[in-house]
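Student: I would like to go through this model with you and ask, for each label, what justifies it.
Tutor: Then let us look at the structure together and take the labels one by one.

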Amino acid sequence: MAIFMSLVGVSIINVVLPSIQRGLGASDSELQWVLTGYALTFGVVLVAAGRAGDILGRGPLFIAGVALFTLSSVAGGLAPDPLSLNIARVVQGLASGLLNPQAVGMIQQYFRGPERGRAYGALGSVIGVSVAIGPVIGGLIVQLAGEAQGWRWTFLVNVPVGVVAIVLALRWLPRPLWTPRGPGSRSVVRDLDPVGAVLLGLAVLALLLPFVERSMGPAGWLVLPGGVVLLALWAWWERRYRDGGHAPMVDLALFRVRSFTTGTLIAGLYFMGVTSVWVLVALYVQDGLGRSALEAGLIGMPAAVLSAFTANWSGRRVTRLGRTIVVAGICSAIVGLGLSIALVQLVDAGHASVWWMLLTLAFIGGAQGLVITPNQTITLGEVPLEYAGSAGGVLQTGQRIGTAMGLGIITAVAFAVLDGSGWPLAVTAGFGTTAALLLVTLVVAVLDVRRGTATDAS
């Protein structure tokens, strides 16, 4: 419930931005920060929040994250001006980054073997459905509540979900909830590795900022090398901290585990490509074809349903079939993109209806469940329990960075083509770029499967 709520907060906003602009009289730069504020704080705190859960206990931080998300949703829904809304979105992103690693860490902590695969299957269903159904919910709410104020209810609808999630967490999460390590507060602070947390947070911020805050212009790209330097400095600090006899925020030895490193790379590349599909579809259907926000959202409904099914299916079989499921999922996404490109051209020529996209996007929806769930299960399968939260945070940070980079690159390609032609060619260029990224992802996954087969044979 909580993960669904937090991820719908990412996807629902895409179709209600025009409603926010009308309702609050927001400028384009203020509107940009509705997206940027959430994305930045969500990505920046993931690893530190995961490590805090490993040290202090995941239950309390999960509940705190849900409570903070719920309160910031109230603040967003009642915001009197763009500044108040943007502050609420920043806090919402912080809360989302706080609760997400705890959910992953708890699955690692309380489930083993095939049961863990099924638990990740349920989580994968939620992730796939939340991304696809967010625009549908947003479009429906705006349609029912009106263009000027409908956006407020896309925030307020989180409140009952958050309250129920907190009540169930208090009833169901194993006791004791609060389980700080070490003999005293100084030991806890050392284990939290505050210097490492700050360095990594600044590095992720610098890596994300040029992609999510486009109003910075060319000067914004100067931040990117600084992010790389900070990342290298963070890695140096983590080694030094470990050599000094302390527990680092992230044990860099995790990256010597092939399944973890390969899975994190696959997740980053996959999210870099596929996340942009739903943004391009929403823009194409609304701006290119003049359809409503609700129609733009409904286009993705079969994809959401199929994503839920394939996530559960793959979660039950991942321990037997391994990453071959991921390979099949990536192939399905590439097929869906090819069919969607062909359909866009047929619609432009007047030979087909855009509603055939219900079918073409279903291939991509099916891919969501075939890629995300088994990849997460395999990636975290060999991670030591004491680093389950921070490892999950690293994986999710890779996804956030991939998403931000993909949205920045692919939408830039689409808009560059749009300036000189029309929406059909722009969407074709965007989908083509996405397919190219997925081909790279496919190569990484196939090589991993072959290495695994060779190891088994030897």
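Tutor: Let us begin with charged side chains, keeping in mind that this is a predicted model: Arg258, Arg323, Asp448 and Arg451 are linked in a network of salt bridges, and the structure holds eight salt bridges.

Student: Why is the contact between Arg258 and Asp448 called a salt bridge?
Tutor: The side chains of Arg258 and Asp448 come to 3.2 Å, N to O, and because a salt bridge requires a side-chain nitrogen of Lys or Arg within 4 Å of a carboxyl oxygen of Asp or Glu, the pair meets the criterion.

Student: Why can this pair be said to tie together parts that are 190 residues apart in sequence?
Tutor: Arg258 belongs to helix α12 whereas Asp448 belongs to helix α18, so the pair joins parts separated by 190 residues in sequence.

Student: Which of the labels buried, partly exposed and exposed applies to Arg258, and which to Asp448?
Tutor: Arg258 has a relative accessible area of 36%, and because partly exposed covers the values between 20% and 50%, Arg258 is partly exposed. Asp448 has a relative accessibility of 6%, and since buried means under 20%, Asp448 counts as buried.

Student: What makes Asp251 and Arg242 a salt bridge?
Tutor: The N to O distance between their side chains is 3.9 Å, and because the cut-off is 4 Å, the pair is accepted. Arg242 itself, at a relative accessible area of 33%, is partly exposed.

Student: How do you know how the side chains of Glu295 and Arg291 should be described?
Tutor: They meet in a salt bridge at 3.6 Å, N to O; Glu295 has a relative accessible area of 24% and is partly exposed, and Arg291, with 31%, is also partly exposed.

Student: Turning to the interior, why is Thr441 called buried?
Tutor: Its relative accessibility is 0%, and because buried means under 20%, Thr441 counts as buried. Thr441 is found in helix α18, residues 423-457, and, leaving out residues up to four places away in sequence, Thr441 touches Ile266, Leu269, Tyr270 and Ile330.

Student: Which residues touch the most other members of the largest nonpolar core?
Tutor: Phe62 and Tyr284 do, in a core of 95 residues, to which helix α12 (residues 258-288) gives the largest share, 14 residues. Apart from this core lies another of 16 residues, including Ala26, Val34, Trp151 and Ala282. Beyond its neighbours within four places in sequence, Phe62 is in contact with Ala2, Leu99, Gln102, Met106, Ala169 and Leu173.

Student: Why is Ala39 called partly exposed?
Tutor: Ala39, in helix α3 (residues 28-56), has 28% relative accessibility, and because this lies between 20% and 50%, Ala39 counts as partly exposed. Not counting residues up to four places away in sequence, Ala39 touches Leu208 and Val212.

Student: What makes Leu339 eligible for a nonpolar surface patch?
Tutor: Leu339 has a relative accessible area of 38%, and because patch residues must have over 30%, Leu339 passes that cut-off. Leu339 is found in helix α15, and together with Val335, Trp356, Leu359 and Phe363 it forms a nonpolar patch with about 470 Å² of accessible area together. The elements that contribute two or more residues to the patch are α15 (324-348) and α16 (357-380).

Notes: Residues are numbered from 1 along each chain as its sequence is written. This is a predicted model: local features need pLDDT of at least 70, side-chain atom pairs count only at pLDDT 80 or more; totals for chains, interfaces and linings use all residues. Side-chain values use heavy atoms; hydrogens and water are left out. Patches are made of residues with over 30% relative accessible area and no salt bridge: like charges are joined within 9 Å, nonpolar side chains (Val, Leu, Ile, Met, Phe, Trp, Tyr) within 5 Å. Accessible areas come from the Shrake-Rupley method with a 1.4 Å probe; for residues, only the protein chains shown count as cover. Helices (H or I, at least four residues) and strands (E, at least two) are DSSP runs, numbered from the N terminus. Buried means under 20% relative accessible area, exposed over 50%, partly exposed in between (1.4 Å probe, protein chains only). A nonpolar core is a set of buried Ala, Val, Leu, Ile, Met, Phe, Trp, Tyr and Cys residues joined through side-chain atoms within 4.5 Å. Contact means heavy atoms within 4.5 Å.
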